[in-house]
Amino acid sequence: MRALVVRLDSFGDVLLAGPAVRAVARRADEVALLCGPRGESAARLLPGVDRVIVWDAPWVGLEPPPVDRADIARTVDRIAAFGADSALILTSFHQSPLPTALLLRLAGVGRIAADSEDYPGALLDVRHHRAGHDHEAEAALRLAEAAGFPPAEDDDGRLAVLPPPETSALTGPEPYVVLHPGASVPARAWAPERCAEAVRELAAAGHRVLVTGGPGERELTARVAGRHGLDLGGRTDAPTLAGVLSRARAVVTGNTGPAHLAAAVGTPVVSLFAPVVPAGRWRPWGVPHLLLGDQQAPCADSRARTCPLPGHPCLNTVTGLDVLAAVEKVMVSR
């Protein structure tokens, strides 16, 4: 049997699909993962994925492309060429799977399962209703089981990635703590000056601090690292970042992909969590963690991309000393 798992969102969303992918891979002879461009590097890290199909869907993402009939036709053909007997469409709690389900029907996929509150007509064979407050990873697993893909008895349901490479030549000696200051949307990012303050406080307490970030974040990571941290901005692709995080005693970051990558390699997380989305659904999964930030702020559950309140109070009231105390609590479990 060939199975298709769909998760069209970002890097961290794809990592959260990992436990469900493993459940599907137990029963399927071949598993393809259909993902967006922002999730591709995460898809290639997941155990159980045999093939990755990348498509930028016009109904997903921060900057979705326009609807293009020819592009959709090509995508239908690519999915049809895989020949999936069964498909699992994974979406966040606020998304509809039905546009994707229509695409898969046109591609001839035999059996399609998804969480859907909307009436699906002929688009779904398994219409599942997710529990109201399930974590995203947990909800994906429940859907997989409802579709006939239960997890293995010895699978703990945590996030996981393929074994990462050795990174000591890049990081220098252990032990160290990682701080990742960037985020995909401004509302989820701790202020750069607060990040720099945390680096100074951690260094003053005797911790080596590594500051990570993507190629477009070099200016940010240099500012945050200053004279007290090691700036790795732009120097880590996804597998290398997994290796760096796997050897950290703790990772400090916002609600963003590296938080889920840290969880996937078993590293405790201090999460600067802006409440624009519910922490219960998006917190680091399966590892010791502490959430910092006012979860009852007026912006809670707004899904705002830019903070609607002056001064970003839900996060910027957190200090470097708060982060130091949280790091020293979570890394005891490391």
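Visitor: Is Thr 91 buried or exposed?
Guide: This is a predicted model, and in it Thr 91 is found in the loop between β4 (86-89) and α5 (98-106). Its relative accessibility comes to 13%. A residue under 20% is put in the covered class, so Thr 91 counts as buried.

Visitor: Which residues does Thr 91 touch, leaving out those up to four places away in sequence?
Guide: Sitting in the loop between β4 and α5, Thr 91 has several partners. With residues up to four places away in sequence not counted, they are Arg 7, Ser 96, Pro 97, Asp 115, Arg 130 and Glu 136.

Visitor: And what separates the C-alpha atoms of Thr 91 and Leu 162?
Guide: Along the chain, Thr 91 and Leu 162 are 71 residues apart. In space, their C-alpha atoms are separated by 23 Å.

Visitor: Let's try another loop: what separates the C-alpha atoms of Ala 191 and Gly 311?
Guide: Ala 191 is found in the loop between β7 (177-180) and α8 (192-204), and it is buried, with a relative accessible area of 11%. Gly 311 is 120 residues away from Ala 191 along the chain. Their C-alpha atoms, though, are separated by 9.4 Å.

Visitor: How do α8 and α14 lie relative to each other?
Guide: Helix α14 covers residues 320-330, and its axis is 8 Å from that of α8. The two pack at an angle of about 50°. Roughly parallel would take an angle under 35 degrees, and roughly perpendicular starts at 65, so the word for α8 and α14 is oblique.

Visitor: How many charged residues are in the contact of α8 with α14?
Guide: The crossing of these two helices is right-handed. From α8 come Glu 197, Ala 198, Glu 201 and Leu 202, while α14 brings Gly 320, Leu 321, Val 323, Leu 324 and Val 327. Sorted by class, that contact has six nonpolar residues and one polar, and the number of charged ones is two.

Visitor: Are α2 and α6 roughly parallel or roughly antiparallel?
Guide: Helix α2 is residues 18-27 and helix α6 is residues 136-146, with axes 7 Å apart. They pack at an angle of about 20°. Angles under 35 degrees get a label of their own, which means α2 and α6 are roughly parallel.

Visitor: How many nonpolar residues does the contact of α2 with α6 have?
Guide: α2 passes α6 in a right-handed crossing. Pro 19, Ala 20 and Ala 23 of α2 meet Ala 140, Leu 141 and Ala 144 of α6. No polar and no charged residues are in this contact, and the nonpolar count is six.

Visitor: What phi does Gly 148 take, just after α6?
Guide: Most residues other than glycine have a negative phi. Gly 148 is found just after α6, and its phi is positive, at about 100°.

Visitor: Which residues does Thr 75 touch, not counting those up to four places away in sequence?
Guide: Thr 75 lies in helix α4 (residues 69-82). With a relative accessible area of 2%, Thr 75 is buried. Setting aside residues up to four places away in sequence, its partners are Trp 55 and Leu 103.

Visitor: How do the residues of the contact of α4 with α5 divide by class?
Guide: α4 and α5 pack at an angle of about 65°, their axes 8 Å apart, and the crossing is right-handed. Ile 72, Thr 75, Val 76 and Ile 79 of α4 touch Leu 103, Leu 104 and Leu 106 of α5. The split is six nonpolar, one polar and no charged.

Visitor: How many residues of helix α10 are buried?
Guide: Helix α10 runs over residues 238-246 and is mostly covered. Among its buried residues are Ala 238, Leu 241, Val 244 and Ser 246. Of the nine residues in α10, the buried ones number eight.

Visitor: Which residues does the cis peptide bond join?
Guide: Most peptide bonds are trans. Here is a cis one, with omega of about 0°. One partner has its place in the loop between α7 (168-171) and β7, and the pair is Glu 174 and Pro 175.

Visitor: How many disulfides does the count come to?
Guide: A disulfide needs two cysteine sulfurs within 2.5 Å. By this rule the count is zero. Cys 299 shows the reasoning: the nearest cysteine sulfur, that of Cys 314, is 4.5 Å away. The total of disulfides is therefore zero.

Notes
Residues numbered from 1 in each chain as written. Predicted model: local features only at pLDDT ≥ 70, side-chain atom pairs only at ≥ 80, totals over all residues. Heavy atoms only, no water. Axes fitted to C-alpha atoms, helices over the stretch in contact; angles between N-to-C directions. Helix = DSSP H or I, 4+ residues; strand = E, 2+ residues; numbered from the N terminus. Parallel < 35°, antiparallel > 145°, perpendicular 65-115°, else oblique. Left-handed = near helix turned anticlockwise from the far one by under 90°. Contact = heavy atoms within 4.5 Å. Nonpolar A, V, L, I, M, F, W, Y, C, P; charged D, E, K, R; others polar. Buried < 20%, exposed > 50% of the residue type's maximum accessible area, 1.4 Å probe, protein only.
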